[in-house]
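Reader: Please take me through the side-chain contacts in the core of this model, and add the surface and backbone details that go with them. Keep it brisk, and give the cut-offs as you go.

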Amino acid sequence: MLKNVLFSIRNNFKIDNSMIEFIIKDNPIIPEGRNKIFQSAIGMFLRGSFYEAIHILAPKTEYLFRNIAKEVGGLTVTLQNDGSSMEKVLSSIFNLPELIECYDNDILFSFKGLLNEQSGANIRNELAHGILGEAACSSGACLYFGVAVIKLLTFTSIPCHKIFNNSEKLKEFKMPSSDSLKIVRKNHEKNGVQ
């Protein structure tokens, strides 16, 4: 279903990166200096370049959660006997009490499963080891991950919050008709997409 929605967005809108700026600009959870790369990756994702987008979004989202944990007082490094420090593994970051205290557990659970759990999608590790192929990035867990990143950033975007508050159309949800899926399928078939 996500693939159909993303196809419909691409089919109805010509997405350029400037259209995404409202999600990224002044977003308090995006680490300093990472705005443009998030904007670029989300643009790629919405234009259907899933493989390239996931390769950027996975490590940047990992760093986003590491940064949030650090900002709220979580210890994201371990000290070695020789006095050096080493970054904690991502599963340890997601389990930091400081991060759990400031973030919804469902959000953390979802991203932990998508990025790092062997029993989950394990996107981060599969990318790091070159296992994740282009076809996998265009389906299932990777599409869900991309949409989850957009949703996460939308919830924390100050300009996006203002749009939600001022838009009468967004305040009223209308359930799509049963024919909506048929229309999307018909457009897919017309454009040769399966």
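Author: F164 is partly exposed, with a relative accessible area of 35%. Here buried means under 20% relative accessible area, exposed means over 50%, and partly exposed lies in between (1.4 Å probe, protein chains only). This is a predicted model, where local features need pLDDT of at least 70, side-chain atom pairs count only at pLDDT 80 or more, and totals for chains, interfaces and linings use all residues. Residues are numbered from 1 along each chain as its sequence is written, and side-chain values use heavy atoms, with hydrogens and water left out.

F164 sits in helix α11, residues 158–166. Helices (H or I, at least four residues) and strands (E, at least two) are DSSP runs, numbered from the N terminus. F164 joins F22 and I163 in a nonpolar surface patch. Together the three offer about 240 Å² of accessible area. That area comes from the Shrake-Rupley method with a 1.4 Å probe, and for residues only the protein chains shown count as cover. Patch members have over 30% relative accessible area and no salt bridge; like charges are joined within 9 Å, nonpolar side chains (Val, Leu, Ile, Met, Phe, Trp, Tyr) within 5 Å.

Now the aromatic rings. Rings of Phe, Tyr and Trp (its six-membered ring) pair if their centres lie within 6.5 Å; planes under 30 degrees apart are stacked, over 60 edge-to-face, and the rest tilted. By this rule there are five aromatic pairs. Take F65 and F111, one of these pairs: the ring centres are 5.2 Å apart and the planes meet at 50°, so the pair is tilted. F65 belongs to helix α4 (residues 50–71) and F111 to helix α7. The two are 46 residues apart, and their pairing links distant parts of the chain. Both F65 and F111 are buried.

F111 has another partner, F145. Their centres lie 6.1 Å apart with planes at 80°, so this pair is edge-to-face. F111 is in helix α7 and F145 in helix α10 (residues 140–156), so the pair ties together parts that are 34 residues apart in sequence. F111 is buried, at 3% relative accessible area. F145 is buried as well, at 0%. F65, F111 and F145 share one aromatic cluster with F94 and Y103.

Next, the charges. What joins E62, R66, E87 and R124? A network of salt bridges links them. A salt bridge is a side-chain nitrogen of Lys or Arg within 4 Å of a carboxyl oxygen of Asp or Glu. The structure holds three of them.

Start with R66 and E62. Their side chains meet at 3.0 Å, N to O. Both lie in helix α4, four residues apart, about one turn of the helix. Both are buried.

E62 also bridges to R124, at 2.5 Å, N to O. R124 lies in helix α8 and E62 in helix α4, so this bridge ties together parts that are 62 residues apart in sequence. R124 is partly exposed, with a relative accessible area of 23%. E62 counts as buried, at 10% relative accessibility.

R66 has a bridge to E87 too, with the closest N and O atoms 3.2 Å apart. R66 lies in helix α4 and E87 in strand β2 (residues 85–87), so the pair ties together parts that are 21 residues apart in sequence. R66 counts as buried at 10% relative accessibility. E87 is partly exposed, at 44%.

Last, the backbone. Which value does phi take at N122? Phi of N122 is near 55°, a positive value in a residue other than glycine. N122 is found in the loop between α7 (105–115) and α8 (123–128). The residue is buried, with 11% relative accessible area. N122 touches G113, L114, L115, N116 and E117, not counting residues up to four places away in sequence. Contact means heavy atoms within 4.5 Å.

D26 also has phi near 55°, a positive value in a residue other than glycine. D26 lies in the loop between α2 (21–24) and α3 (35–46). At 52% relative accessibility, D26 counts as exposed, whereas N122 is buried.
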